[in-house]
Amino acid sequence: MEFRDLRWAIAASQHRSLRQAAETLNIKQSTLSRRLRNLECKLGSTLFERTNGGTRPTIEGQEFLDAARRVVGEADAMSARLKTRSRGESGRLTIGIHTSLSAGNLRATLLEHRHRFPDVDRQLVDGASDHLISDLASSAVDVALVAEPNPKWSDRSLLLWSERVVAALPANHPLTGRGVVHWGELRRESLLMSQRGWDRNS
């Protein structure tokens, strides 16, 4: 018995007409009729009564169709679940987050993801950048959000956003009076940073 036979038998019962069922299935009526006959032969039971007024299930046929609908329904549901899971629209997603990331952009990104994919169960893992990259390589996390790019993952990374940071300079420094300072202008300066990386609370 082929899975297609179940669908075709269900279609025949819904339309009560082999001609209409065949049109819906986009096949020849003779093809549908032959497949149903072969199915009945395999089962050793008559599934449909065929009259000039149409086609209707027998008692045995109705029992078979009830079971066929359950089988097809469960198979379709399973296929849909697998498709949404493979597209990342359901299932579990473990997100590794660098401890120093800004809460504003990250929070907005996670809220948008939850809004678009409500069936995804998200788990957040906090850690330093190098630890998260290691977890990503070992599949301990599915996605790692870090503050700085990693050369080893350059072909598998995506820039999500950029944000401004504050640089504290001496009062007599030439750049102190500037409203905006670019990173390139600090390349010859000695920088004092937290071991934890970029952290607004450091």
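**Notebook: helix packing, ring contacts and backbone angles**

I began with the contacts between two helices: F3, L6, R7, A9, I10 and S13 in α1 meet F64, L65, A68, R69, V71, V72, A75 and D76 in α4. I note that the model is predicted.

I then looked up the geometry of this pair. Helix α1 covers residues 3–15 and helix α4 residues 59–86; their axes are 10 Å apart and the packing angle is about 120 degrees. The two helices are therefore oblique to each other. I recorded the crossing of α1 and α4 as left-handed.

Next I turned to rings. My search of the whole structure for aromatic pairs returned zero. I did find the charged end of R4 over the ring of W8, at 4.9 Å from the ring centre.

I examined T55, which belongs to strand β2 (residues 54–57). Is T55 buried or exposed? I entered T55 as buried, because its relative accessible area is 7%, under the 20% limit. With neighbours within four places in sequence set aside, the contacts of T55 are R16, S17, L18, F48, E49 and R50.

One of these contacts, R16, led me to the backbone angles. Most residues other than glycine have a negative phi. R16, not a glycine, has a positive phi of about 55 degrees. I located R16 in the loop between α1 and α2 (18–25), and its relative accessibility of 45% makes it partly exposed.

I also noted S139, another residue other than glycine, with a positive phi near 65 degrees. S139 lies in the loop between α6 (129–137) and β5 (143–145). I entered S139 as exposed, because its relative accessible area is 58%.

Notes. Residues are numbered from 1 along each chain as its sequence is written. This is a predicted model: local features need pLDDT of at least 70, side-chain atom pairs count only at pLDDT 80 or more; totals for chains, interfaces and linings use all residues. Side-chain values use heavy atoms; hydrogens and water are left out. Rings of Phe, Tyr and Trp (its six-membered ring) pair if their centres lie within 6.5 Å; planes under 30 degrees apart count as stacked, over 60 as edge-to-face and the rest as tilted. A charge sits over a ring if NZ of Lys or CZ of Arg is within 6 Å of the ring centre and within 35 degrees of the ring normal. Helices (H or I, at least four residues) and strands (E, at least two) are DSSP runs, numbered from the N terminus. Buried means under 20% relative accessible area, exposed over 50%, partly exposed in between (1.4 Å probe, protein chains only). Contact means heavy atoms within 4.5 Å. Axes are lines fitted to C-alpha atoms, for helices over the stretch in contact, and angles run from 0 to 180 degrees between N-to-C directions. Angles under 35 degrees count as roughly parallel, over 145 as roughly antiparallel, 65 to 115 as roughly perpendicular and the rest as oblique. A crossing is left-handed if the near helix is turned anticlockwise from the far one by less than a right angle, and right-handed if clockwise.
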